[in-house]
Amino acid sequence: MTNENISYRDKGRAVFLAAMMVLSVVAMSAAFAGSAAANESYEGPRYNGADDDSNMVYSGDTVFQGEEGLEFNASDNTATLFGSEENGTEGESLSLTGVIPDDQETGTYSNNGFNVRVAEPSVDQVEINRGGPNGPDIAGSSVTTGEADELHVSALYNYQRAEFAELVVEDESGSDITDAVTGDATFDGDGVVVNLEDEDAGTYTFIVQGEENLDEVDSATETTTVSLSTDDDISIETASDNAVRGDNVEYTVTGGSDEDPHYVVIDSSDFRDGVSLENAEKIFRNVDDTEEVGVFSKDHNVSSVDDYDAINDSVNDSDNSTADVVDFAYAEVEMDGTTAVGSVETQYLDDSSVDIEVYDTDVALHNVSDNYEDDASLEVSEGEITIDSPDDTYVVSSEVDVNGTAEGADEVAFFARDNGDWELIEQNIDVDSDDTYDEEDYVLSSSSDHAKGSDILSMPGTYRFGVVDQSTVDEYMEDDEIGTSDFNSGSSATMSIRVTEGSLSADFETIGGEISSDVDEDIDVNGSAMGENNVVVAFVDERGNVEAYTSSVDADDYTFDEEDLSLGDLSQGTVSAHVLANGRDGTWGDNETVSGNDADALQTWLTDFNDADLTGEQIRDRISEETVDASASDDRMVTETFRYTDASSTIDSVYPAGADADGVNPVPANGEIVVEGQTNLQPDDNTITVEVLDDAGNSQTITSTDEWNTDGQWSLEVSTENLDVGTYTIESDDGETTDRATLEIVEEVADDETDSGNETDSGNETDSGNETDTGSSDDTGSSDDTGSSDDTGSSDDTGSSDDTGSSDDTGSSDDTGSSDDTGSSDDGTPGFGVGVALVALLGAALFALRRDN
């Protein structure tokens, strides 16, 4: 078709269609504008029977879980909205059916330009204000019927756009009494006023919930209660009907209205005899719901809180007791809901039946009389005190545990008594909640922290020790003393205690009376020091060098133990070792020379001798003069001596295992031998090794030990199982020194060859190889003129010389006939003697016979 062929009819049709499109756009715009205007003109909840369009939800609106009957102003092709990650609803969808499920995921959903936000309905706050919107909030608390005629209930909730919240009131049986106690229960901008004035006493439940669709949604509901009491329901009760004097007893006031004040009173006739004004004020404790405590005097018409001096002056200016001037002790408590809690300190009450009274809220102190609302009786009894420690014997200046039980007491005090009144040692000692007191490492005798009673327990003798309730001390003590009758009038316990002087003992651990200077260089010391906290350990050598240390004494068993005390730069030779304690008076000597009374002061004084030009003997004299030998001194000192010398280990004996022998003896093959010796080295820290060497010096067997006693005698067993018959060298080695002895291994050992007469070796060998010893023979080999043999013991039965005239190293004969160290026997047979020779010949014969076979 060409332009020339277009008819007027076609042109008219096109104009008509264009006009219709324009009119449609205008109509739709008008419709949307009308809808928006309608939406903007309505601000009430969607659930509203008066407005047909109130249930319409527009794009951008918030809907709530549990809503029903909704219409969504979305396009016809938008039936479902979808969540997104940025809106917290990823993977979720919302069907636009008009119902929002209770468990619909909260967040924003959208589709085709239409979006809504799903929220959880909630009630954030409910208040019940007594007497109007500005009155005290009693939600969860209590009110009396006389003050329950105007309870203003307000609620803060977030679902006003969906529907209003409403109030439901239920009585104690669960019945709905809303219509009986309020005119309008809807929270439509104002609170709801409830009147419980004519209701029975009990607990009433206030429920705030949605008025239609949301009333079954848990999050849209909040519940609280109010306890209603009648005006004559004020009462008091105690946590216990009985108390030991000194116990804290809790009481509870019930009834009344929240925040109302009430006075709780105890008459002065129930006060403990002789109680002071100060302690009378402590009868009621200022705890829990208590606002104020004190005492009241009707004569002065004033409480101690308002004018303490007026009451106190009246007590001091007369012979009257506190109970004569004061009429009662009181506590003002404030109701916290349905109750008010307070506490009574019974240690200031008489041990009898005590009445505790409570008064109505409008009764002032000066009107307190017999018109109380309620009272409770409390039976107060005397508490018992026991002493479990210390024992009946005490060492002056020693630390002990002082403990026991004190029923009902908050604090106790310690006293001592000789022949007169009780004298204070220490007071205000805490009693724990389990009614026990416990002072650890306590010094009963004289101390700067104690009162004069400690002086009694500083001298040997037998006395009385006592523990008493602190309240008795507060009432009766003057100048740190209490008379016997007053002491016994309160809760107390006493015991007999015998005081004795201390003691000192010490033991220095040496090895055979020696300490090696080049290996060990230190020493251990232990002991006991009754009555001491510390001791001083000191060492003095012959050249005047001093080493000094302090050692603490265990408070439980009074022992001290120090290991590896260095002997420092002490010189070799005799060293004196000392342990010193300063005794009962706690001072060194006459308290003039040593600058201080503790162990550190004496240690310093001793080490200063290193700068003095004094010998060891002079220093030891000075130590004695200024401590134990000083005038009136009760210092104590223990002294020992030892040798400080080079390390030394020797071989003394070698013999077959099981034999009763000493010295170096022949031993059998294929057996066990015992090697014994002496050392001055410390066990455990050092090791002695014993090695058997052949003629070429090759090691055949080796064994070691690090165990021996403080006498220094070491012993071990060596096996000869793999050793042939012959002569060997046995060597000991302690790492510093060595010693050797000749070891003869034979096929068999006769009984007479392992006795106490066999040779011993000192480890020193002569040039000729013959052994010498430290026996009675001199260097020439000639013995003394008594005929006794040397240390080898190889003399004959008569002691007379033989015919051979066995010579010494010089070749000169011996007039006495005793043998020298060349090894010749008394019968002139060289070697081991006749017995050994016979055994050797027999062995050779057997060997030849075996070879022939």
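A residue counts as exposed when its relative accessible area is over 50%. The views below are all taken from a predicted model.

**View 1. The loop at N670, an exposed residue with positive phi.** N670 has a relative accessibility of 58%, so this residue counts as exposed. The residue lies in the loop that runs between β44 (667–668) and β45 (672–679). Phi of N670 is near 55 degrees, which is a positive value in a residue other than glycine.

**View 2. The loop at N301, where phi is also positive.** N301 is placed between β21 (290–297) and β22 (302–303), in the loop that links these strands. The phi angle of N301 is about 50 degrees, although the residue is not a glycine. With a relative accessible area of 52%, N301 is exposed, because the cut-off for this class is over 50%.

**View 3. The buried side of helix α4.** Helix α4 comprises residues 308–316, and its buried residues are I311, N312 and V315. These residues cover an arc of only 95 degrees around the axis, so they are on the same side of α4. In an α-helix there are 3.6 residues a turn, so residues three or four places apart point the same way. The cover over the buried residues of α4 includes the helices α3 (277–280) and α5 (322–325), together with the strands β21 and β22. Strands β21 and β22 also flank the loop of N301 shown in View 2.

**View 4. An open sheet of three strands.** The strands follow the order β8-β10-β13 and pair in the antiparallel sense. At the edges of the sheet are β8 (123–130) and β13 (192–194), each of which pairs on one side only. On average, neighbouring strands of this sheet are turned by 25 degrees against each other, direction ignored.

**View 5. The pairing of β8 with β10.** Strand β10 consists of residues 151–157, and its antiparallel pairing with β8 extends over seven bridges. One of the residues to show here is N129, whose bridge partner in β10 is H152. N129 belongs to β8, the edge strand that spans residues 123–130.

**View 6. The cis peptide bond between S389 and P390.** The peptide bond that joins S389 and P390 is cis, with omega at about 15 degrees. P390 is located in the loop between β26 (374–381) and β27 (393–395).

Note on methods
Residues are numbered from 1 along each chain as its sequence is written. This is a predicted model: local features need pLDDT of at least 70, side-chain atom pairs count only at pLDDT 80 or more; totals for chains, interfaces and linings use all residues. Side-chain values use heavy atoms; hydrogens and water are left out. Two strands pair if DSSP finds at least two bridges between them. Helices (H or I, at least four residues) and strands (E, at least two) are DSSP runs, numbered from the N terminus. Axes are lines fitted to C-alpha atoms, for helices over the stretch in contact, and angles run from 0 to 180 degrees between N-to-C directions. Buried means under 20% relative accessible area, exposed over 50%, partly exposed in between (1.4 Å probe, protein chains only). The arc is that of the directions from the helix axis to the C-beta atoms. Contact means heavy atoms within 4.5 Å.
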